[in-house]
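Work through the following exercises with the coordinates open, and compare each step with the solution given.

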Amino acid sequence: MENKQISSFNETTIPTALINFDEYDPQTIDVWENYIPLGGEKQRATQIILDATSPFLIESEKGQGKTLLIHTICKENNIALIEEQVGPGTRKTDLFGSKEINADGTLFNLGIFPRAIEVANHFGHACLYCDEGNTQDPETQKLWNRICDDRKSVFINGKNYKLNPNCKLSIVWTTNPASYVGINSMPEDLRSRFIGEIWKYPTPSQIKKVIDWEKIYINCNNPNVSNGYSQSSQNQVAVPISHEIKELVNDRIFPGLITFIKDIHALRMKGDVEYSLSIRDVNQFFNQFFKNHFDPNSKNALEQTFSQTVLFKFEDPAERELIKVRIQDTFGIKLK
């Protein structure tokens, strides 16, 4: 929440709510798990964000760690992070600011643009990060033009908010492919201001590199470790992994999942289904499988896990039947 102390710039402006800069302090950035690079994307993104010369866009399928990457880069490089949720409901007032009337009178709350500039001027370098930026309406996207070019400024409430000399404001958007529901085309004049990367669908080797199923197993079997396989291992008690589990995962589940994921993605590309499985989905699968495995009241842990973490993702009944067939063909499991 913004500090409701006020300051006025001149007699014609509305008093402006001051910014609580502690919200954006790099030391408070949450990095919820270790980002494992799939290639050289972390190094490239880090350099672009540090340079802060052009806005940067990353397009990829869901669940590939785009948000985690940006959090990690800002945390590691002491860059203040302004993370904003934008979408079809985002309006001009959200971006520039608006008046607010309360018991203390009338205040002007700064929108995303002037607030980001002020945070960058305060810390010396800030990153304005918007996930799914192109879910905004095209006309709203065009309002980003000024802050995304060399002007890096916005005039609002009688003041020109401009980046100070020697200060940097990095702008990063992450988006899903245009085939996703709710995605709008990026206006040509805005896209021309960005540089970017389009991440390909992860390969089997990349999925294996990112998913540490043994660590997930330890977390699920250790009552002192909270959910998520990203927790620090320094206080974990070593939990022996049985030969039976290792054989099941390494010889049956993991190879089968890789084949299954490729098949489902191929169906998505052909338009037969509307969902493809991501790295996030694979992580959820193993996390839930081991929870079911350790639950004494759970029967048929593998079948239950497929129902909870895979079949559940497909909303259309016809698609679910198709996925059931693929699961049976790949794993010999017949789901109800």
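A residue counts as buried under 20% relative accessible area, as exposed over 50%, and as partly exposed in between (1.4 Å probe, protein chains only). The model is predicted, so local features need pLDDT of at least 70 and side-chain atom pairs count only at pLDDT 80 or more, while totals for chains, interfaces and linings use all residues. Residues are numbered from 1 along each chain as its sequence is written, and side-chain values use heavy atoms, with hydrogens and water left out.

**Exercise 1.** Find how many disulfides the whole structure has, and examine Cys-148.

Solution. With a disulfide taken as a pair of cysteine sulfur atoms within 2.5 Å, the search of the whole structure returns zero. For Cys-148, the closest cysteine sulfur belongs to Cys-130 and lies 9.0 Å away, which is too far for a bond. Cys-148 is also buried, its relative accessible area being 4%.

**Exercise 2.** Determine which residues of helix α11 are buried and where they lie around the axis.

Solution. In α11 (residues 301-309; helices are DSSP runs of H or I, at least four residues, numbered from the N terminus), the buried residues are Ala-301, Leu-302, Thr-305, Phe-306 and Thr-309. They lie on the same side of α11, because the arc they cover around the axis is only 135 degrees, taken from the directions from the helix axis to the C-beta atoms. Their packing partners are α9 (243-270), α10 (279-294) and α12 (317-331), where contact means heavy atoms within 4.5 Å.

How values were computed: Helices (H or I, at least four residues) and strands (E, at least two) are DSSP runs, numbered from the N terminus.
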